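The following report describes a single protein chain through its secondary structure, its side-chain contacts and its surface. The sequence and the model are shown first.

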Amino acid sequence: MGPQSRGIVSTDLHQLIEYMPPAPPKGTGKHRYVFVLLALENEDNGRKDLNKPKNRPHWGYGAIGKGVRDWANENGLVPVAANFFYAKAGKQH
């Protein structure tokens, strides 16, 4: 990578919280876990203190499928990538 590249350098990263694996309750079927990668909209602003989402469902915006975008926009972030997976508890009754 040259001096103009915008890659991530692993030595610049630090763990904020310990990883907790998915643990859906028994008998609740499949749960979808979504990962969203966000970046600063304007890199000139540097580190930003983020506002906590207002509520868990729909990030507190009351609309399906757009809460994360609204929260990111309010915090000067843009979605870069996303991925998801399904998980369920062991034996389902």
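Helices (H or I, at least four residues) and strands (E, at least two residues) are taken as DSSP runs and numbered from the N terminus. On this basis, the elements of the protein chain follow the order β-α-β from the N terminus on, giving one helix and two strands.

The model is predicted: local features require a pLDDT of at least 70, side-chain atom pairs count only at pLDDT 80 or more, and totals for chains, interfaces and linings use all residues. Residues are numbered from 1 along each chain as its sequence is written, and side-chain values use heavy atoms, with hydrogens and water left out.

**Confidence and burial**

The predictor's confidence in each residue is expressed as pLDDT, on a scale from 0 to 100. The protein chain has an average pLDDT of 81, and 86% of the residues score at least 70. Among the elements, strand E2 (residues 77–87) has the highest mean pLDDT, 92, and helix H1 (residues 67–74) the lowest, 87.

Residues are classed by relative accessible area as buried (under 20%), exposed (over 50%) or partly exposed (in between), with a 1.4 Å probe and protein chains only. Of the 93 residues in the protein chain, 10% count as buried.

**Aromatic contacts**

A pair of aromatic rings is described by the distance of the centres and the angle of the planes. Rings of Phe, Tyr and Trp (its six-membered ring) pair if their centres lie within 6.5 Å; planes under 30 degrees apart are stacked, over 60 degrees edge-to-face, and the rest tilted. The structure holds three aromatic pairs. Phe-35 and Phe-85 count as stacked because their ring centres are 5.9 Å apart and their planes lie at 25 degrees. Since Phe-35 belongs to strand E1 (residues 31–40) and Phe-85 to strand E2, this pair ties together parts that are 50 residues apart in sequence. Phe-84 and Tyr-86 form an edge-to-face pair, with 5.5 Å from centre to centre and 85 degrees between the planes.

Tyr-33 joins Phe-35 and Phe-85 in one aromatic cluster. The accessibility of the residues in the two pairs described above is as follows.

| Residue | Relative accessible area | Class |
|---|---|---|
| Phe-35 | 48% | partly exposed |
| Phe-85 | 28% | partly exposed |
| Phe-84 | 45% | partly exposed |
| Tyr-86 | 48% | partly exposed |

Tyr-86 also takes part in a contact with a charged side chain. A charge sits over a ring if NZ of Lys or CZ of Arg is within 6 Å of the ring centre and within 35 degrees of the ring normal. The charged end of Lys-30 sits over the ring of Tyr-86, at 5.4 Å from its centre.

**The nonpolar patch**

Patches consist of residues with over 30% relative accessible area and no salt bridge; like charges are joined within 9 Å, and nonpolar side chains (Val, Leu, Ile, Met, Phe, Trp, Tyr) within 5 Å. Accessible areas come from the Shrake-Rupley method with a 1.4 Å probe, and for residues only the protein chains shown count as cover. Val-34, Val-36, Phe-84 and Tyr-86 form a nonpolar surface patch, with about 380 Å² of accessible area together. At least two residues of this patch come from each of E1 and E2. Phe-84, one of the patch residues, lies in strand E2.

**The salt bridge**

Side chains of opposite charge can pair when their charged atoms come close. A salt bridge is a side-chain nitrogen of Lys or Arg within 4 Å of a carboxyl oxygen of Asp or Glu, and the count by this rule is one. Its partners are Lys-66 and Asp-70, whose closest N and O atoms are 3.4 Å apart. Asp-70 is partly exposed at 22% relative accessible area, as is Lys-66 at 39%.

**Separations along the chain and in space**

Val-80, in strand E2, counts as exposed at 51% relative accessibility. Its C-alpha atom is separated by 9.8 Å from that of Leu-40, 40 residues apart along the chain.

The loop between E1 and H1 contains Pro-53, which is partly exposed at 31% relative accessibility. Pro-53 and Asp-70 are 17 residues apart in sequence, with a C-alpha to C-alpha distance of 10.0 Å. Asn-51 is found in the loop between E1 and H1 and is partly exposed at 47% relative accessibility. Asn-51 and Asn-75 are 24 residues apart in sequence, and 6.8 Å separates their C-alpha atoms.
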